[in-house]
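This report walks through one protein chain, from its overall plan down to single residues. Please keep the sequence and the structure in view while reading.

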Amino acid sequence: MKIRIVTTRSKAKAVQIVRYQNYKRVVLWHIGSAHSQDALDELLLLAEEWIKDYKNQLSQITR
């Protein structure tokens, strides 16, 4: 899983969590969009926490 930052049409920065499967990009979760650097930093932190929680859940299920 990777964090992807894209620029929207309104010049905001959108934060997404993606994975690549069969050479295609699959968006797992759209965290949100930010118009300022502070808001972008908060969204990146949320994305990192989501990935950490998601990975922990997967490891608990597969045991």
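The text below takes up the overall plan, then the sheet, the core, some single residues and finally the confidence of the model.

**Overall plan**

The model is predicted, and its chain of 63 residues has 21% of them buried. The secondary structure consists of one helix and three strands, and along the sequence these elements follow the pattern β-β-β-α. The chain exposes about 5100 Å², of which carbon and sulfur atoms supply 49%. If one takes the contacts in the chain with a separation of 6 or more, then 26% of them are between residues 24 or more positions apart.

**The sheet**

How are the three strands arranged, and in what order? They form an open sheet with the order E1-E2-E3, and the pairing is antiparallel. Strand E1, residues 2-7, and strand E3, residues 24-34, stand at the edges, and because each has a single partner strand, one side of each is left without a neighbour in the sheet. From one strand to the next, the twist averages 30°. As background, the strands of a sheet pair through backbone hydrogen bonds, and the pairing may be parallel or antiparallel.

Strand E2 covers residues 13-21, and six bridges join E1 to this antiparallel partner. Two pairs of residues can be followed by eye in the model: Lys2 has Val18 in E2 as its bridge partner, while Thr7 stands opposite Lys13 in E2. The hairpin of E1 and E2 has five residues between the strands, and Lys11 takes a positive phi there.

**The nonpolar core**

Which residues make up the largest nonpolar core? This core has eight residues, namely Val15, Ile17, Ile31, Ala34, Leu40, Leu43, Ala47 and Ile51. Strands E2 and E3 and helix H1, residues 37-61, are the elements that give two or more residues to this core, and H1 gives the most, with four residues. In soluble globular proteins, nonpolar side chains tend to be buried together.

Ile17, one of the core residues, can serve as an example of how a single residue meets several parts of the chain. Leaving aside neighbours within four places in sequence, Ile17 is in contact with Met1, Lys2, Val26, Val27, Leu28, Trp29, Ile31, Ala47, Trp50 and Ile51.

**Four residues by accessibility**

The table sets out where four residues lie and how accessible each of them is.

| Residue | Place | Relative accessible area | Class |
|---|---|---|---|
| Gln16 | strand E2 | 12% | buried |
| Arg25 | strand E3 | 47% | partly exposed |
| Lys11 | loop between E1 and E2 | 66% | exposed |
| Tyr23 | loop between E2 and E3 | 87% | exposed |

Is Gln16 buried or exposed? With a relative accessible area of 12%, Gln16 falls under the limit of 20% and therefore counts as buried. Not counting residues up to four places away in sequence, Gln16 touches Lys2, Ile3, Arg4, Val6, Val27, Trp29 and His30.

Arg25, in strand E3, is partly exposed at 47% relative accessibility, and with the residues up to four places away in sequence again left out, Arg25 touches Arg4, Val18, Arg19 and Tyr20.

The two loop residues in the table can be considered together. Most residues other than glycine have a negative phi. Lys11, however, has a positive phi near 70° and is a residue other than glycine, and Tyr23 has a positive phi of about 65° although Tyr23 is not a glycine either. Lys11 lies in the loop between E1 and E2, whereas Tyr23 lies in the loop between E2 and E3.

**Confidence**

How far does the predictor's confidence reach along the chain? The mean pLDDT of the chain is 87, and 89% of the residues reach 70 or more. Confidence is highest in E3, at a mean of 94, and lowest in H1, at a mean of 82. Over residues 58-63, pLDDT stays under 50, and the model has zero contacts beyond four places in sequence for this stretch. Where pLDDT is low, the predicted coordinates should not be read in detail.

Conventions: Residues numbered from 1 in each chain as written. Predicted model: local features only at pLDDT ≥ 70, side-chain atom pairs only at ≥ 80, totals over all residues. Heavy atoms only, no water. Pairing = 2+ DSSP bridges. Axes fitted to C-alpha atoms, helices over the stretch in contact; angles between N-to-C directions. Buried < 20%, exposed > 50% of the residue type's maximum accessible area, 1.4 Å probe, protein only. Contact = heavy atoms within 4.5 Å. Areas by Shrake-Rupley, 256 points an atom, 1.4 Å probe, with all protein chains shown as cover. Core = buried A, V, L, I, M, F, W, Y, C linked by side-chain atoms within 4.5 Å. pLDDT = per-residue confidence, 0-100.
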